[in-house]
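Trainee: Before we start, could you take me through the labels attached to this model and show how each one is earned?

Mentor: Gladly; put the questions one at a time, and each value will be set against its definition.

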Amino acid sequence: MIKIDSQVMKNHNALMIIRMVQQNPMISRTDLTQRVGLTPASVINITNSLMESGILVQAGLTDGSAQGRRALLLNVNPKVAYVLGLHMDTEAVTVSVGDYSGNFVSTVKTPISSYEGCQSILDKMFAATEQSLRESGVDAGKVLGMGMSLPGPLDSQAGVMINPPNFPDWKNIPIRQIFEKRLGIPVCCDRETNAAALAECYLGAGVGYQTVFFLSLFQLGVGGALVSSGNVLHGFCDGAGEIGHSTVDPAGPLCTCGNYGCLEALVSGKALVEHAQRLYKMRVGARRVEIDIEHLQLEDVFRLSEAGDEVCLHVVTQAASYISVALGNVISFFSPEVIILGGELPAMSPQLVQLIRDRVCQRVYPRHCSEVHVTTARFGSAVFTKGAIVQALNAFAPNLLAKEL
């Protein structure tokens, strides 16, 4: 028989309660008991310990029952500890200080070029981190660690950026080790879409769902991530969730990955603009005088589609169809309760979101497709930095418990 250390179990239960309070501010102990599945006595004992240590705080009282008894309401103390969150994409490095509730305290965004060289970008990362800490006014001794939301491919366990295609100077860069040595705090990292999925699952549109799929649609790429029971599915070689490189049209164009007909090659922002330009040049549909084909932007494609332009409406509608094919496969494989659409494209086009939602709902099989909730990311463009914050809170919260309990 395996013996489980009582302190380990206590810490596990304490973390479960902390996460539930983070997700449900102003929650009573009665509600906590129902949600976490512990006995009332255990919940009382653990929450008392967490309040004594300053991790939880009293947030008020309920209005009371018919007998006039008022229950204590709990919140996480946001100032008990802090974490750093860093998001890196092809255009910028964003570093935020987050409090223990997952809220941003300060944020610094620094423009970069993915082609400017590894050391130059690292220097900007360090500078942004130091500036964000200064602007937050947070005592560095209260920072538990740092989470990083990074482009793949990535070895998340080793903390190594392998060879991200849009960063030609980054080959097997041990970024976690570099930052731990520079900052003197523990660091964890994951692919940006995984981090975003975690943020939405823990604090955003995925709260309350057991199985969540996150689809990110960018100007240059498409990514995916699956969270089940609060855990990101990484898969073999960190390869899970790569929906952008799933084939949706075997006769489609060559993708940057080397395969043909990948979702990314057909529905990224860049692909949509190029598709519309080709159709205009072929004089397909009514061509408007005011359209500057050579300088067409993604914003133009979505705007014209909303206005009923035949070419752009066709481009957006076809993109939604390709996306629904890929998401139909996700539903067949993993049966998520909710699909969250994030990245630049859903934020720019409510029409695209609705078209995707309609097509997923209309799928004949699996029969529960109509019951899958399709929504947008609650945190918008900040979801990837928020994901780095949540990632650090999850990874390093046990360190705070070791100090306080």
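Trainee: What makes the span of helix α8 (residues 269–281) close to the expected one?

Mentor: This is a predicted model, in which local features need pLDDT of at least 70 and side-chain atom pairs count only at pLDDT 80 or more, while totals for chains, interfaces and linings use all residues. Residues are numbered from 1 along each chain as its sequence is written, and side-chain values use heavy atoms, with hydrogens and water left out. Helices are DSSP runs of H or I with at least four residues, strands are runs of E with at least two, and both are numbered from the N terminus. The expected span of a helix is 1.5 Å times one less than its number of residues; α8 has 13 residues, and its reach of 19 Å from first C-alpha to last is close to the 18 Å expected.

Trainee: Which residues of α8 are buried, and what covers them?

Mentor: Buried means under 20% relative accessible area, exposed means over 50%, and partly exposed is in between, with a 1.4 Å probe and protein chains only. In α8 the buried residues include Ala 271, Leu 272, Val 273, Leu 279 and Tyr 280. Their cover includes α7 (263–267), α9 (298–306), α10 (310–334) and α11 (344–348), where contact means heavy atoms within 4.5 Å. After α8 comes Arg 283, with a positive phi near 60 degrees.

Trainee: Why is Cys 237 called exposed or buried, and why is Asp 238 called exposed or buried?

Mentor: Cys 237 has a relative accessible area of 64%, which is over 50%, so it is called exposed. Asp 238 has 14%, which is under 20%, so it is called buried. Both are found in the loop between β13 (231–232) and α7.

Trainee: What is notable about phi at Cys 237 and Asp 238?

Mentor: Most residues other than glycine have a negative phi, and most peptide bonds are trans. Phi is positive at Cys 237, near 55 degrees, and Asp 238, though not a glycine, has a positive phi of about 60 degrees.

Trainee: Which peptide bond is cis between Gly 152 and its partner, and what is omega for the one that joins Tyr 365 and Pro 366?

Mentor: The bond from Gly 152 to Pro 153 is cis, with omega near 0 degrees, and Pro 153 has its place in the loop between β7 (143–150) and β8 (154–155). For the cis bond joining Tyr 365 and Pro 366, omega is about -5 degrees; Pro 366 lies in the loop between α12 (350–361) and β15 (373–376).

Trainee: Why does Ser 335 count as buried, partly exposed or exposed?

Mentor: Its relative accessibility of 34% falls between the 20% and 50% limits, so Ser 335 counts as partly exposed. Ser 335 is found in the loop between α10 and β14, and it touches Thr 211, Val 330 and His 368, not counting residues up to four places away in sequence.

Trainee: Why does Phe 384 count as buried or exposed?

Mentor: At 3%, Phe 384 is under the 20% limit and therefore counts as buried. Phe 384 lies in helix α13 (residues 383–404), and its contacts, leaving aside neighbours within four places in sequence, include His 87, Ser 149, Phe 214 and Gly 343. Leu 198 is 186 residues from Phe 384 in sequence, yet the two are 9.4 Å apart in space, C-alpha to C-alpha.

Trainee: Which residues touch the most other members of the largest nonpolar core?

Mentor: A nonpolar core is a set of buried Ala, Val, Leu, Ile, Met, Phe, Trp, Tyr and Cys residues joined through side-chain atoms within 4.5 Å. The largest has 45 residues, and among those touching the most other members are Leu 215, Val 267, Tyr 280 and Leu 327. The largest share of this core, 12 residues, comes from α10. Apart from it lies another core, of 31 residues, among them Leu 15 and Tyr 100.
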